[in-house]
Amino acid sequence: MRFSEFGLTTLKEVPSDAEIISHKLMLRAGLIRRLASGLFTWMPLGLRVLRKVEAVVRDEMDRAGALELLMPAVQPAELWQESGRWDQYGPLLLRMSDRHSRDYCFGPTHEEVITDIARRELRSYKQLPINYYQIQTKFRDEIRPRFGVMRSREFIMKDAYSFDIDKAGMEASYLRMHAAYMSIFERLGLKFRVVDADSGEIGGSRSQEFHVLADSGEDAIAYCDADNYASNIETAATSPSTAGYPDAAEELQKIATPGVKTIEALCKFLKIDASRVLKTLIVDGVDGPVALILRGDHELNAVKAQKIPGVASPLTMATPEAIVKATRSGPGFVGPVGLELPVHFDHATLGMSDFVCGANEKDMHFIGVNFGRDLDVSKTFDLRNVIAGDPTPGGSGTLSIARGIEVGHIFQLGSKYSEAMSATVQDPDGKNQVMSMGCYGIGITRIVGAAIEQNHDEAGIIWPAPLAPFDVVLVPINMQRSEDVRAAAEALYQELTSQGLDVLLDDRDARPGVKFADAELIGIPHRLVISDRSLAAGELEYRHRKDAESRNLKREDALKLLQ
């Protein structure tokens, strides 16, 4: 491809609406252009990268035995009502009506449609196992689209769905997809981790996420290589203490804390660390408010908390009015001592002694509180996010925390959809058997953004070779004024192209500095510079995108390197 014919426009300035590096660089390098909030046009350069991602994904899915199909993007409401998700999915679901006032949605996912296909097409266990997949546009009506393609409303996704006669078959299909995903991300040249995860609105008994590691990642990952453990922080478990209550050293006292309503203000007022404070959070319960008790320096994990019996799901914090009515004190002064509500303590709280908590009275707190004497706890719960240094569930190491960008998610759905939609086949005994399903998603567009978040420098993108829009860029110097340079550039362009390489010939009448800057911004792995000086020496100036300096190579050596 010749630069002059490619219609590529790069930008020097960082767009004002871009928040993270991938969004900035994708706009500056001309990969995407914004149409509206959360909607982007993929320009020719960006589409080349997108198609390379798709090619690797498609190849590995085919290799794993999955069958490609293409389902409608617009789905009838009846299917979602049948599964029960029409009302459950909430405002993320873009709903619409046709001219006959029939309700539809623009599919954010396709569990209902594929289950409908399966119940129509599959009759016997002899047709199983089977796995269907597609690469298609989805839409989720994000309340606040941001970070470019990382959290857009419209995106391209690969979603696959397996059908088996029983749970054992589903687990085998799940493992095949796990292996395929490992191959996909290894082939794409990305550093990633696989973590245990919550199944969310998709549902099912087990799920795992695939995260590209990047400092800007939205998700926190807890891991320990020594214990071969990795989990999304939402599902990383903490363990109950096996030790008894610590010994008390202080007497219980009630003290005045006028206007001190936050943990930060309380610590400053008493000159103590947050680890010595119990915080009491009042949430909605099934039969009224419920109190959740954590250490002051720990963060409540909503996914864990809403699974506790009696706690409403999704987790909802009680209103100030409800707190006053339930505790007879305002927010900021509630504590577990004498609290007449269902109370659930986090595991870590039992390791505390001589701590501080609210006194259930406005502008008052207790100090010198201790378990066994002032509070009795028969059972604790896993309520918090893990932190670095926590022991692993296996007990063989301690946790580290990294940031990751979720680019893939696989689920063991079981019979969640097949039972609701009566998707059955005849088993070997001639009886109708509900099929067991798996679901496997990869964010095609998100992979492009995640790759940039992981691979960039101050000059621009550094593509992993399998994702690069071009393999090599040829930069002739002054080719409009030197026939020798022009002829050499054209000959090299033809030779490399005939060898199957994707070559970008920068034939613009522009200064060398402009060409070099654009090559680095776009992130093409290999750069060859052709000039009168290099031709006289029988050499080409070569630089890999990751190299700090260029080096001169004989023409034949440069060709061997690229081959």
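A salt bridge here means a side-chain nitrogen of Lys or Arg within 4 Å of a carboxyl oxygen of Asp or Glu. The model shown in these close-ups is predicted, and the salt-bridge count comes to 37.

**View 1. R187 and E60 meet in a salt bridge.** The N to O distance between the two side chains is 2.9 Å. R187 belongs to helix α7 (residues 167-187) and E60 to helix α3, so this pair ties together parts that are 127 residues apart in sequence. The two partners sit in unlike surroundings: R187 is partly exposed, at a relative accessible area of 35%, while E60 is buried, at 8%.

**View 2. D59 and R63 pair up within helix α3.** Here the closest N and O atoms of the salt bridge are 2.9 Å apart. Both residues are part of the stretch 44-63, and they are 4 residues apart, about one turn of the helix. As for solvent, D59 is partly exposed with a relative accessible area of 30%, and R63 is exposed with 59%.

**View 3. E111 and R85 form a buried pair.** Their side chains meet in a salt bridge, again with 2.9 Å from N to O. This one links distant parts of the chain: E111 is in helix α6 (residues 111-121) and R85 in helix α5 (residues 85-88), with their positions 26 residues apart in the numbering. Both E111 and R85 are buried.

**View 4. D59, E60, R63 and R187 belong to one network.** Zoom out from the first two views and the four residues can be taken together: salt bridges that share partners join them. Among the pairs involved are D59 with R63 and R187 with E60.

**View 5. C267 is a cysteine in no disulfide.** In fact, the structure holds 0 disulfides. For C267, the nearest cysteine sulfur is that of C357, 13 Å away. A disulfide needs the two sulfur atoms within 2.5 Å, so a gap of 13 Å rules the pair out. C267 counts as buried, with 11% relative accessibility.

**View 6. C439 has no cysteine sulfur close enough for a bond.** Its sulfur is 15 Å from the closest cysteine sulfur, which sits in C105, and that is too far for a bond. C439 is buried too, with a relative accessible area of 4%.

How values were computed: Residues are numbered from 1 along each chain as its sequence is written. This is a predicted model: local features need pLDDT of at least 70, side-chain atom pairs count only at pLDDT 80 or more; totals for chains, interfaces and linings use all residues. Side-chain values use heavy atoms; hydrogens and water are left out. Helices (H or I, at least four residues) and strands (E, at least two) are DSSP runs, numbered from the N terminus. Buried means under 20% relative accessible area, exposed over 50%, partly exposed in between (1.4 Å probe, protein chains only).
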